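These are my notebook entries on one protein model. I began with a single side chain and then turned to helix packing and the wider fold.

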Amino acid sequence: MQTFSTWYVCWQWVAAVLGIAAHAALAMPLMTAFTLLVGQHKKNELCCLGGREMIRLNLVLAVFWPIVFISDVLLQFSLVQGRLHIPDLSLWAPVMLPFSTAVVAWFIGVFCLSIQCILSRPTVDKNSARQFPFFTATGSCVCLSLLAALSFFAAQALPSCPFAGLPEGMSIFRAVMAITLSSFHVFFTYLGAAGGLTLWYLSRKPQMIQHWGGTKEDEQHAARWCTLWAMIGYIPSCLDRWGITIGFALRPGNMPAAIAGRIPTLTAFSLATVCWAVLFLRRAPRRLYVLNSLGLLFLLMGTSFPYLWAFMRNR
């Protein structure tokens, strides 16, 4: 018979793995906004078509966020005698506001994505009978993408807000700045999963760009664009954490367990970044798409390691 700690760790692990897709969904509107801006600036039809596909993918991935979020909320409540103890509180009670407002922000982001899908719906050119997106709405789609990105950022940041009261001695300004900077640091790493999953989606549809009238070179540009976002997502975080880790390693005495315990995860995320960097520098030919799959695998391994380690220790 499984112990309580075993299924608890497994629950956390599954939520963390699903979180890769959920977090990619939060950051993808930012990628979409810049993709549409490039297309609008350079009058590039393929960028606008790619932006439409990213919006559709974003809506699919967004479904994972409420699943992961609800799981995380339940895990935060105290566990009493092997059962979840959920307080009987209104969703608008101060202690519940971080969670309820986050859900509202998520709904706003999904609403923006849905409106974008409608605006970018293909129409028909009567002269050529060719389907093309409603390009005159590109400016509106850019604004909606930025609003969706802001809403999803709020959904990620709001659970950290102390609606029930500020810590003693802390001003509201300091609290807002601390939460915003910390949340942005985490949010930026989500671009890694967003870029990697977008390239994976592109690799699953090898004839998509050719169907739009593009060439193999256009596909390489699109793949390299996705790889760029995947690569930059983890670079600041990895550099920051490796700096802290090396600093502790150079000090006399034993390295703190918390710092040492995150080395495998940090190594996996760094290797994922290296895979995407090599793919980007090699200009992302189709034969090297395996590097993106390898990067996503390292991302999965880095996410899973803390829970697999806890699972082995509890056996």
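**Entry 1: Thr189**

Which backbone oxygen lies 2.5 Å from a polar atom of the side chain of Thr189? I looked this up in the model, which is predicted, and found that the oxygen belongs to Val186. I then placed Thr189 in the fold: the residue is found in helix H6, which covers residues 172–204.

Next I asked whether Thr189 is buried or exposed. Its relative accessibility is 10%. Buried means under 20%, so I recorded Thr189 as buried. To see what surrounds this residue, I set aside its neighbours within four places in sequence; Thr189 is then in contact with Gly233, Tyr234 and Ser237.

**Entry 2: Helix H2 against H6**

I stayed with H6 and examined its packing with helix H2, residues 45–62. In general, two packed helices are described by the angle between their axes and the distance between the axes. For H2 and H6, the axes come within 11 Å and cross at roughly 115°. I therefore noted H2 as roughly perpendicular to H6. The crossing of this pair is right-handed.

Which residues form the meeting of the two helices? From H2 I listed Glu53, Met54, Leu57 and Leu61. On the side of H6, their partners are Leu197, Thr198 and Tyr201.

**Entry 3: Helix H2 against H4**

I next followed H2 to helix H4, which spans residues 97–119. Here the axes are 9 Å apart, and the packing angle is about 150°. Angles over 145 degrees count as roughly antiparallel, so H2 is entered as roughly antiparallel to H4. I recorded the crossing of H2 and H4 as left-handed.

For the residues involved, I noted Ile55, Arg56, Asn58, Leu59 and Ala62 on H2. These meet Trp106, Val110, Leu113, Ser114, Gln116 and Cys117 of H4.

**Entry 4: Ser304 and Phe305 in helix H11**

I turned to helix H11, residues 290–314, where Phe305 lies. Ser304 also lies in H11.

How is Ser304 classed, buried or exposed? Its relative accessible area is 6%, so I entered Ser304 as buried. Its side chain makes a polar contact with the side chain of Trp13, at 2.9 Å. Apart from neighbours within four places in sequence, Ser304 is in contact with Trp13 and Val17.

For Phe305 I found a relative accessible area of 27%, which means that this residue is partly exposed. Not counting residues up to four places away in sequence, Phe305 touches Gly261, Pro264 and Thr265. I also checked Phe305 against Ala268: the two are 37 residues apart in sequence, and their C-alpha atoms are 9.2 Å apart in space.

**Entry 5: The protein as a whole**

Finally, I took the totals. I recorded 11 helices and 4 strands in the protein. Of its 315 residues, 42% are buried. Among contacts with a separation of 6 or more, residues 24 or more positions apart account for 74%. The protein exposes about 17,300 Å², and carbon and sulfur atoms supply 68% of that area.

Technical notes. Residues are numbered from 1 along each chain as its sequence is written. This is a predicted model: local features need pLDDT of at least 70, side-chain atom pairs count only at pLDDT 80 or more; totals for chains, interfaces and linings use all residues. Side-chain values use heavy atoms; hydrogens and water are left out. Buried means under 20% relative accessible area, exposed over 50%, partly exposed in between (1.4 Å probe, protein chains only). Contact means heavy atoms within 4.5 Å. Accessible areas come from the Shrake-Rupley method with a 1.4 Å probe; for residues, only the protein chains shown count as cover. A polar contact is a pair of N or O atoms within 3.5 Å; within protein, one must be able to donate a hydrogen and the other to accept it, and residues adjacent in sequence count only if both atoms are side-chain atoms. Axes are lines fitted to C-alpha atoms, for helices over the stretch in contact, and angles run from 0 to 180 degrees between N-to-C directions. Angles under 35 degrees count as roughly parallel, over 145 as roughly antiparallel, 65 to 115 as roughly perpendicular and the rest as oblique. A crossing is left-handed if the near helix is turned anticlockwise from the far one by less than a right angle, and right-handed if clockwise.
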